[in-house]
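Take a look at the model below. We will start at the DNA and then turn to the place where the protein chains meet.

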Number of protein chains: 2
Amino acid sequence: MLIFTEINISKGLYLRDPLQTELGRKIISCGIELIEELGFEKFTFGKLSKKMNSNEPSIYRYFENKHLLLLYLVVWYWNWVMYLIDYNTKNIEDPKKKLRIIIQNFVDATIENPGVAFVNEKKLHSIIIMEGSKAYHTKSVDNENKEGFFKSYKALNQKVADVILEIDPSFPYPHSLASNLFETANNQIFFAEHLPKLTDLKVKSKNYSEVVELIRLFASRMLKTEI
Amino acid sequence: MLIFTEINISKGLYLRDPLQTELGRKIISCGIELIEELGFEKFTFGKLSKKMNSNEPSIYRYFENKHLLLLYLVVWYWNWVMYLIDYNTKNIEDPKKKLRIIIQNFVDATIENPGVAFVNEKKLHSIIIMEGSKAYHTKSVDNENKEGFFKSYKALNQKVADVILEIDPSFPYPHSLASNLFETANNQIFFAEHLPKLTDLKVKSKNYSEVVELIRLFASRMLKTEI
DNA sequence: TTATAAATATTAGTAATACTAACATTTATA
DNA sequence: TATAAATGTTAGTATTACTAATATTTATAA
């Protein structure tokens with residue numbers, strides 16, 4: 001069995017590794033709770049420190065600012081999805097079956113058994129849906145890309161692109177399709193929950209089965225074969 | 001010829017209609033310049049007032065906060081794309097041809113002739129690519145939806161969904177495909193410009209022809225007919 | 001066990017942001 | 001010319017996004 005580790009998180013993302021200490025793990029767990037509750041704009045390190053019964057300077061010793069904490073969580077999520085895909089596609093040869101599993105894990109990386117005690121995967125998933133794109137839609141994205149902060153997303157994307165090419169080696173846009181399936185999954189869930197006129201899906205109480213069906217149909221038609 | 005007006009912008013979005021005064025139009029034009037330059041996080045009304053040689057309280061008489069100014073610009077963009085589509089698909093019967101024109105206008109709503117003197121469409125387009133999704137990925141989205149702030153996006157989406165259904169009346173996800181084509185266009189441009197490993201496209205100096213090709217292939221395969 | 005280092009907490013501070021109130025001045029309109 | 005509307009000016013508050021300095025607690029090593 002694979003072990004889920006965070007060795008893929010770039011050093012530069014944090015000042016002190018939050019996984020190594022109790023306080024660091026509390027920043028992650030309470031940070032997830034509070035960002036999910038308040039939304040990223042209203043979330044501050046001051047409020048987080050109160051929730052943790054700690055203090056602002058201690059948090060600043062771990063993360064330079066709240067943007068890098070969000071990015072850390074998003075990178076964590078990408079690693080978590082990568083782990084789930086690796087784990088669930090192990091020993092599976094059929095690339096179509098692999099893509100089916102990938103889609104399932106794209107849509108709902110929360111139904112799997114708990115990964116790490118201090119990470120609430122359901123709330124992390126909510127943060128990805130609501131705040132995820134803010135982690136890279138910033139003026140600093142190019143510098144952060146140079147620092148290697150997005151290599152998890154790229155690795156995940158490359159893995160999916162490879163499966164796409166296994167299914168159809170002549171498909172001209174494997175990377176675009178891979179990122180599109182991932183982004184579309186998150187986006188259509190957001191629309192279903194907040195702007196339902198922009199989608200045909202119904203999502204009731206976090207039941208994402210219709211989303212899986214949609215993404216499978218998208219993938220099937222794009223690759224001209226039943227996924 | 002159609003006239004591009006802003007009657008579709010909900011009253012609640014602003015405190016005083018910026019189109020009615022010189023100062024209001026300056027808020028829009030300088031706001032576009034400055035958000036594009038600084039990014040939305042670093043953009044403040046204080047900086048904007050200095051750029052305009054005006055003052056903060058005057059800006060606050062038009063917009064409650066910078067989030068609503070961004071949303072105003074995004075709604076403007078949706079209306080602008082809607083206008084372009086209406087204008088360019090006028091008297092065209094063939095729904096496939098209509099969808100082709102829609103895709104062209106999704107990808108690049110800037111190559112058309114200038115709409116309104118005080119709006120720099122190229123910079124507005126850059127803002128949409130970089131900051132657009134922040135206009136609705138907030139905790140206030142449900143309230144703002146109730147206020148009708150997203151009716152422009154819904155109307156645009158419905159128009160495209162109708163064309164999709166003209167092409168294939170049995171297609172099960174017309175609204176999802178419509179929103180997906182729009183979001184994918186913006187997203188793949190962002191990736192091409194900032195995280196190129198996540199796409200197969202090359203975008204050099206704002207030449208989006210490859211993006212149009214990609215979206216056309218996506219649409220063609222989804223609808224099982226050459227668009 | 002004690003010495004020492006490392007981590008955390010406390011206090012206090014600054015500059016910037018996100019506003020609001022009160023009032024003065026300019027500009028438009030009746 | 002009177003009046004209202006719009007804009008400008010000044011001044012203020014609460015919050016945010018940090019940082020510095022120092023005290024205290026906790027872990028580890030001699």
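**At the DNA**

The residues of the surface near DNA strand D fall into three kinds: five are nonpolar, six are polar and six are charged. This is a predicted model. In total, 17 residues surround strand D. The closest are A:Asn65, B:Ser54, B:Asn55, B:Arg61 and B:Tyr62.

Which part of the DNA lies within 4 Å of the protein, sugar or phosphate, or bases? Of the atoms of strand D within that distance, 55% belong to sugar or phosphate, and the rest belong to bases.

Now find the phosphate oxygens of DNA strand D. One is 2.5 Å from a side-chain N or O atom of B:Tyr62. For B:Ser54 the distance from a phosphate oxygen to such an atom is 2.7 Å. For B:Ser58 it is 3.2 Å. Two elements give two or more residues to this surface: α3 (56–60) of chain A and α3 (56–60) of chain B. α3(A) gives the most, with three residues.

**Where the chains meet**

Move on to chains A and B. Here 54 residues of chain B are in contact with 53 residues of chain A. The two chains bury about 4500 Å² between them, 61% of it on carbon and sulfur atoms. B:His137, B:Tyr173 and B:Arg221 supply 16% of the area that chain B buries against chain A, more than any other three residues.

How many salt bridges cross this interface? The rule finds zero. It does find 27 residue pairs in polar contact. Several helices of chain B supply at least two residues each to the side that touches chain A, among them α1 (22–38) and α10 (209–223). α9(B) gives the most, with 14 residues. The residues on this side of chain B divide into 22 nonpolar, 15 polar and 17 charged.

Definitions and conventions. Residues are numbered from 1 along each chain as its sequence is written. Chains are lettered from A and ligands numbered from 1 in the order in which they are written. This is a predicted model: local features need pLDDT of at least 70, side-chain atom pairs count only at pLDDT 80 or more; totals for chains, interfaces and linings use all residues. Side-chain values use heavy atoms; hydrogens and water are left out. A residue is near a molecule or strand if one of its heavy atoms lies within 4 Å of it. A polar contact is a pair of N or O atoms within 3.5 Å; within protein, one must be able to donate a hydrogen and the other to accept it, and residues adjacent in sequence count only if both atoms are side-chain atoms. Helices (H or I, at least four residues) and strands (E, at least two) are DSSP runs, numbered from the N terminus. Ala, Val, Leu, Ile, Met, Phe, Trp, Tyr, Cys and Pro count as nonpolar, Asp, Glu, Lys and Arg as charged, and the others, Gly among them, as polar. Contact means heavy atoms within 4.5 Å. Buried area is the accessible area (1.4 Å probe) that two parts lose on being put together, summed over both. A salt bridge is a side-chain nitrogen of Lys or Arg within 4 Å of a carboxyl oxygen of Asp or Glu.
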